[in-house]
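Welcome, and thanks for opening your viewer. Let's take a short walk through the model, one selection at a time.

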Amino acid sequence: MFSLAAVLVYAATGRSPFLAAGEELHLPALLYRIVHDEPCLDGVPAHLSPPLADCLAKDPAQRPTAAEFYRFLTAASAAGAGADAGHAEDAGDPEGAWGDAMPPGLSADVARREGELARLLTPPPLPQVPVPLPPPPAPPAAPTAPVGTTADGRSPVRGRLIAAAGAAAVLAVLAAFPLRLLMDGDRDGSDGGTTPPGPTASASGQAVLPSAWVGTWSGTGPGTPDADGITRARAGAFHVTVTLNAAAVGELVGRQVSDVKELSTGRNLGCTEALELRQVRQDSAVFAAVTSHPTDRAATFECPRGNLYVLTMTQPDRVTLEAEGAQSAGAPDTLTRRG
């Protein structure tokens, strides 16, 4: 029912219920929205919105059954969307056709079709196939003493091999011990500054963005000059500037400003987003765009909302934008510190 509703929203609006118009997301970011965000039903006909919203409920138990949804479609098709909505308003039902309202004379036909649909959706019982039990295991054979063993069955050669292996294992542990100290020792920059310090905790216990991330980062991508200009705009160089401040997870940490010019019109297609810190790891951080608007305030298009960005610090003054984030086509994949 969830998938059916998503297809119907796409048929009615030309987009997924979890994407804004013209928005492009990588699969991980889209799956995050499906699990955590409410669907966007803007543009869906009013009499279809309530049943589609029910079908897109996070809890499968709250979704209507196929028979219930078929009942609604049959009633709406027979009565017409406008007449059915007016009938629902006269009956005091603000949800329109999604309810018990049904034109007279359809009950028997709908009941018959519901029965047919229920039979089609009920899987046949699985055949009961007896599973033979495995034969009992054979008793173990009596051990035989190999050539070259002592009277008590022990091999002097095997004993020497075990002793040698034990000594080698001890030497390996002793040899690895100082190396492990070098790898897991204090991270105060003694490794030459190539590994960023790990996150610390705030007074509330939340992880805090390390000071090595604080500052202004920028980069330029190739844009999309070879796009078809229909499904994707033809644009020139894609400039991105990210400003990060000290903040804990769950707090506003900075903003991202993008500037990208459409080649045919020269208008700025970039967006400006307020960023919230979502996660901090040893050398990477996850940011979410909690607000978004066109960088050119006079523009009339809508910017995508809820983008997720995964940045990894590969060098002290360089971060990369990972593929699992919401990276736009033609955007830079590397940002460097300014100033």
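A residue is called buried under 20% relative accessible area, exposed over 50%, and partly exposed in between. Keep in mind that this is a predicted model.

**First stop: a salt bridge across the sequence.** Select R337, which at 23% relative accessibility falls in the range between those cut-offs and so counts as partly exposed. Now add D317: the two form a salt bridge, with their closest N and O atoms 2.9 Å apart. D317 sits in the loop between strand 8 (308-315) and strand 9 (318-321), while R337 belongs to strand 10 (residues 334-337), so this pair ties together parts that are 20 residues apart in sequence. D317 is partly exposed too, at 45%.

**Second stop: the other bridges.** How many salt bridges are there by this rule? The count is three. Select E276 and R278, whose side chains meet at 2.8 Å, N to O. E276 is buried at 18% relative accessibility, whereas R278 is partly exposed at 34%. Then pick R267 and E262, again a salt bridge, with the closest N and O atoms 2.8 Å apart. Here R267 is partly exposed at 42%, and E262 is buried at 13%.

**Last stop: the nonpolar core.** The largest nonpolar core has 39 residues, and the members touching the most others are L209, W213, L244, V253, L275, L277 and F287. Strand 4 (residues 235-244) supplies the largest share of this core, five residues. Finish by centring on L209: beyond its neighbours within four places in sequence, L209 contacts residues including L244, V253, L277 and F287. In soluble globular proteins, nonpolar side chains tend to be buried together.

Methods
Residues numbered from 1 in each chain as written. Predicted model: local features only at pLDDT ≥ 70, side-chain atom pairs only at ≥ 80, totals over all residues. Heavy atoms only, no water. Core = buried A, V, L, I, M, F, W, Y, C linked by side-chain atoms within 4.5 Å. Buried < 20%, exposed > 50% of the residue type's maximum accessible area, 1.4 Å probe, protein only. Helix = DSSP H or I, 4+ residues; strand = E, 2+ residues; numbered from the N terminus. Contact = heavy atoms within 4.5 Å. Salt bridge = Lys/Arg side-chain N within 4 Å of Asp/Glu carboxyl O.
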